[in-house]
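Trainee: I should like to go through the terms applied to this model and see how each one is justified.

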Amino acid sequence: MKITIIGATGMAGSALVAEALKRGHQVTALARSTEKLAALPTNPNLTTRAVDAFGVTAADLQTADVVVDAFATAPAQAYLHVDLAAHLVHVLRETTTPRLVFILGAGSLLTGDDRHLFVNDIAKDPHAASFISVPQNQLKELNFLREVEDVNWVGVSPAANFHPGEATAALLGEDDLLFNAQQESGTSAGTMAVAILDEIEDPQHHNSRFTVADK
């Protein structure tokens with residue numbers, strides 16, 4: 001398949017690039033930094049482009065089978081998660097190809113006996129003020145996507161601790177925050193990449209969100 005990855009040099013994006021290339025897909029890696037793009041692995045199936053994600057057009061995406069939004073930004077500009085989702089949906093309205101894959105946050109997952117939003121627990125962290133805007137805006141991003149019916153999309157949320165690391169065995173769910181047998185709630189970038197590539201190769205979700213955690 002031809003897979004375009006936006007934010008290809010970040011933690012999640014670079015893991016996705018590596019996993020997609022490992023599986024033999026043709027990858028177009030998009031990011032703003034030429035220097036960071038140059039640090040991606042050399043591979044005949046990899047094409048890199050330094051570009052602002054908000055400048056991506058329908059023509060740029062028309063040859064892709066799948067477009068993955070692995071965009072990350074500073075908390076002060078967390079609203080850009082929503083803006084980029086809206087931009088990608090706008091340029092692909094009334095299409096089924098390419099399929100859009102969005103990496104969402106854990107804050108939109110449900111937890112506890114009352115199945116409340118995990119973002120409410122995050123907000124209780126005494127240090128949350130410096131980053132709470134990110135899970136809040138990723139929740140808004142998911143709520144926006146849930147109203148989109150004429151674009152082929154899927155969202156994926158990590159567990160509470162989304163961190164660098166190799167892939168492990170995985171737990172999969174739908175809308176509830178996942179914990180392993182040790183009551184840890186984490187997802188490595190490698191585990192996320194495997195889950196996304198598995199979904200790309202064998203679609204199980206349509207216009208909905210699922211979640212993945214390290215087992």
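Mentor: The discussion below sets computed values against their definitions. This is a predicted model, in which local features need pLDDT of at least 70, side-chain atom pairs count only at pLDDT 80 or more, and totals for chains, interfaces and linings use all residues. Residues are numbered from 1 along each chain as its sequence is written, and side-chain values use heavy atoms, with hydrogens and water left out.

Trainee: Why is Asn152 called buried?

Mentor: Buried means under 20% relative accessible area, exposed over 50%, and partly exposed in between (1.4 Å probe, protein chains only). Asn152 has a relative accessible area of 16%, so Asn152 is buried.

Trainee: What makes Arg23 and Glu19 a salt bridge?

Mentor: A salt bridge requires a side-chain nitrogen of Lys or Arg within 4 Å of a carboxyl oxygen of Asp or Glu. For Arg23 and Glu19 the N to O distance is 2.8 Å, and the criterion is therefore met. Glu19 is buried at 13%, whereas Arg23 is partly exposed at 26%.

Trainee: Which parts does the salt bridge between Arg23 and Asp198 tie together?

Mentor: The closest N and O atoms of Arg23 and Asp198 are 2.9 Å apart. Arg23 lies in the loop between α1 (11-22) and β2 (26-31) and Asp198 in helix α7 (residues 189-201), so the pair ties together parts 175 residues apart in sequence.

Trainee: Why does Asp198 count as partly exposed?

Mentor: The relative accessibility of Asp198 is 39%, so Asp198 counts as partly exposed.

Notes. Helix = DSSP H or I, 4+ residues; strand = E, 2+ residues; numbered from the N terminus.
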